[in-house]
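Hi,

Here is the structure I promised to pass on to you. Have a look at it first, and my notes follow below.

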Amino acid sequence: MKYMTHAVKMLFKSAMQYRASLLMQVIAQFVMTGGELLAVTVLLTRFKAVGHWGAAEILFFFGVMQSTFALTELFGRGITSFPWFVQRGEFDALILRPRPLLVQVMFSQLDPRRLGSFLVGMIAVLTAAAQLELQWTLLKGLLLAEVVLGSMLLLTGLFMIEATVSFFSVKSIEMVNVLTYGGRTACQYPVDVYPGVLRVLFTYVAPFAMCMHWPVSAVIGQPMMALPMWAYFLTPLAGAAFFALMVRIWYIGVRHYRSTGT
Amino acid sequence: MAFIEAQSLSKTYTRHNAPKSGGISRLWRREIQQIQALTDASFSIERGELVGLIGPNGAGKSTTVKLLTGILTPTGGECRVNGRTPWENRREHVRHLGAVFGQRTQLWWDVPIRDSFLLLRDIYDIDHAVWQKRLDALVEALELGEFLNAPLRQLSLGQRMRAELCGSLLHAPELLFLDEPTIGLDAVSKLKLRAFLKEENRRNGTTILLTTHDMEDMLALCSRVMVLGRGRLLYDGALDALLRQYDTVHTLRVVFEEAPEIAALPAHVTRDGDAYVLTYEPAKMPTSELLPQVLSAGRVREMTLKEQNVDELIARMYKEMAL
């Protein structure tokens with residue numbers, strides 16, 4: 001634990017070495033994600049509703065997804081850039097240190113630029129909450145925090161697919177990004193606006209619905225499922241389970257790497 | 001049992017190549033090629049030895065190092081380092097191991113090197129007081145004092161190498177791997193680095209295994225060398241003996257006061273200006289027997305004995321071993 005907090009502190013310190021550049025990049029990210037937010041807002045003023053969801057509700061979902069994805073990219077940089085890491089042969093250095101490999105990978109890099117996108121997401125969430133006249137309670141706050149954590153694990157798990165592929169193939173396969181970046185874009189809207197196949201995909205395969213949409217719908221008082229409140233605290237655990245599964249698979253990749261040394 | 005014990009260690013890579021012909025099926029068909037990176041290498045190294053690993057590029061040096069450090073698992077054979085199998089209990093194994101791999105940094109680029117050392121303290125779970133004492137000693141020996149607060153990216157190559165060494169020795173490893181430690185360093189830095197490594201080996205009993213193409217490194221540091229070629233261990237023993245084996249021709253350059261009587265000398269003689277150049281094989285004609293004969297051939301004004309340059313020797317050795 002001491003090692004992990006120390007590593008994070010040091011990564012922030014590294015980032016602070018180039019303060020002006022970092023600030024510019026945060027602003028750039030803010031503008032880019034802000035552009036997406038504007039596009040969604042424009043669509044919502046035109047169409048008023050998506051499926052049975054009102055504009056403010058959609059905005060809330062959008063904001064949760066943007067901030068969660070931004071946090072995942074911020075702290076998951078070690079995983080998202082893992083294929084380059086392996087290609088440069090830097091993975092060997094991690095094998096030579098007495099710490100769990102995945103922990104080292106996760107704490108090897110940060111991407112503080114994503115603070116810009118995170119801010120946009122938060123603005124969307126707060127604006128939507130105000131429009132919905134949402135009554136914040138401790139329980140809702142806790143559930144939302146769990147949603148963010150569960151979804152971050154799910155997204156990290158999805159990024160780990162490409163990380164695992166990189167052990168077997170030097171060329172990164174763009175196709176595996178379908179579920180990460182594609183998942184973000186598709187699942188900034190609740191799954192029930194989609195036809196059957198996509199709904200199954202994002203509920204049971206890459207369980208964005210369980211991690212994010214179901215509990216969020218409960219937070220904004222429009223539950224998608226007829227579940228008691230405590231059950232919404234359980235569904236984001238699907239993200240943790242997905243992550244745990246990907247960790248197992250990633251370690252198979254590690255074993256392959258150590259037997260072939262690509 | 002020796003500190004490092006390797007028994008018929010082998011490593012075969014499988015490379016998948018796209019076939020050169022075959023039309024559209026080239027997209028998914030792959031030709032499988034087996035590459036023998038290391039074949040049947042057996043050796044043992046005692047604690048406190050300073051061993052050099054040499055061989056041309058692609059000889060299997062880095063494969064050997066990767067197997068001993070536990071980065072790779074072998075396709076065959078056994079290996080124990082202080083009783084542990086490197087690739088099995090990774091974390092326990094690497095806790096006692098230090099490594100500096102040539103150009104690749106293990107420290108953090110953008111923070112003062114002292115911060116890197118602090119993080120290494122936590123990575124290796126070193127008690128702060130123990131760490132501080134060790135750091136002070138290393139900083140003094142490696143003359144790093146004035147750079148402790150400078151980020152790694154601002155250091156010169158030599159300073160960086162010293163910082164890397166410091167980082168790799170903070171946890172007082174039993175075994176240190178060095179890959180081309182003096183590459184790109186200036187003459188003074190090289191000498192200092194060699195002196196430091198000798199001292200580290202002598203004082204702390206650290207076993208050091210280094211790969212290098214720099215024969216001066218070998219001469220200065222290693223009493224024992226292992227020569228690898230095409231994945232096989234071709235020679236394992238004293239460096240002196242190896243050099244003697246290939247150091248077959250010596251050259252003696254003599255300038256006489258007046259014309260000498262050289263016809264009787266047991267050496268091949270040529271002229272170079274006013275000097276006589278005698279080439280002979282010390283194995284057949286020991287220098288100690290040749291010299292009195294040269295001295296009695298005439299009054300000698302000056303004389304220089306030239307051995308073959310080590311690089312030439314090694315090049316000859318590689319050639320004779322058909323590498």
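The domain assignment splits chain B into domain 1, residues 4-244, and domain 2, residues 249-307. Between the C-alpha centres of domain 1 and domain 2 of chain B there are 45 Å. Please keep in mind that this is a predicted model. Its scores are ipTM 0.82 and pTM 0.84. For chain B, the pLDDT averages 87, and 97% of the residues reach at least 70.

Next, the place where the two chains meet. Chain B brings 25 residues to the contact, and chain A brings 19 residues. On the side of chain B that touches chain A, at least two residues each come from β1 (4-17), α1 (61-69), α2 (90-95), β5 (97-101) and α3 (113-123). By residue class, that side of chain B holds 12 nonpolar, 5 polar and 8 charged residues.

I also spent some time on one strand of chain B, β8 (residues 224-229). Is it buried or exposed? With 5 of its 6 residues buried, strand β8 of chain B is largely enclosed by the rest of the structure. It has these two partners:

- Strand β3 (residues 50-54) of chain B runs parallel to β8(B), and the pairing covers 4 bridges. Here B:Val51 sits opposite B:Arg224 of β8(B).
- Strand β9 (residues 232-238) of chain B pairs with β8(B) in the antiparallel sense, over 6 bridges. In this pairing B:Val225 has B:Gly237 of β9(B) as its bridge partner.

β8(B) and β9(B) also make a hairpin, with 2 residues between the strands. If you check backbone angles, look at B:Arg230 in that turn, where phi is positive at about 45°.

Now for chain A. What does its secondary structure consist of? Chain A has 14 helices and 2 strands. Its radius of gyration is 19 Å, and the globule rule gives 18 Å for 262 residues, so chain A is as compact as a globular protein of that length. Along the principal axes, the C-alpha atoms of chain A occupy a box of roughly 55 × 40 × 35 Å. Of the 262 residues in chain A, 41% count as buried. Among the contacts in chain A with a separation of 6 or more, 78% join residues 24 or more positions apart.

Happy to talk any of this through whenever it suits you.

Best wishes

Note on methods. Residues numbered from 1 in each chain as written. Chains lettered and ligands numbered in written order. Predicted model: local features only at pLDDT ≥ 70, side-chain atom pairs only at ≥ 80, totals over all residues. pLDDT = per-residue confidence, 0-100. Contact = placed C-beta atoms within 7 Å. Nonpolar A, V, L, I, M, F, W, Y, C, P; charged D, E, K, R; others polar. Domains from an automatic or database assignment. Buried ≥ 20, exposed ≤ 12 C-beta atoms within 10 Å, placed from the backbone. Pairing = 2+ DSSP bridges. Rg over C-alpha atoms; globule rule 2.2 N^0.38 Å.
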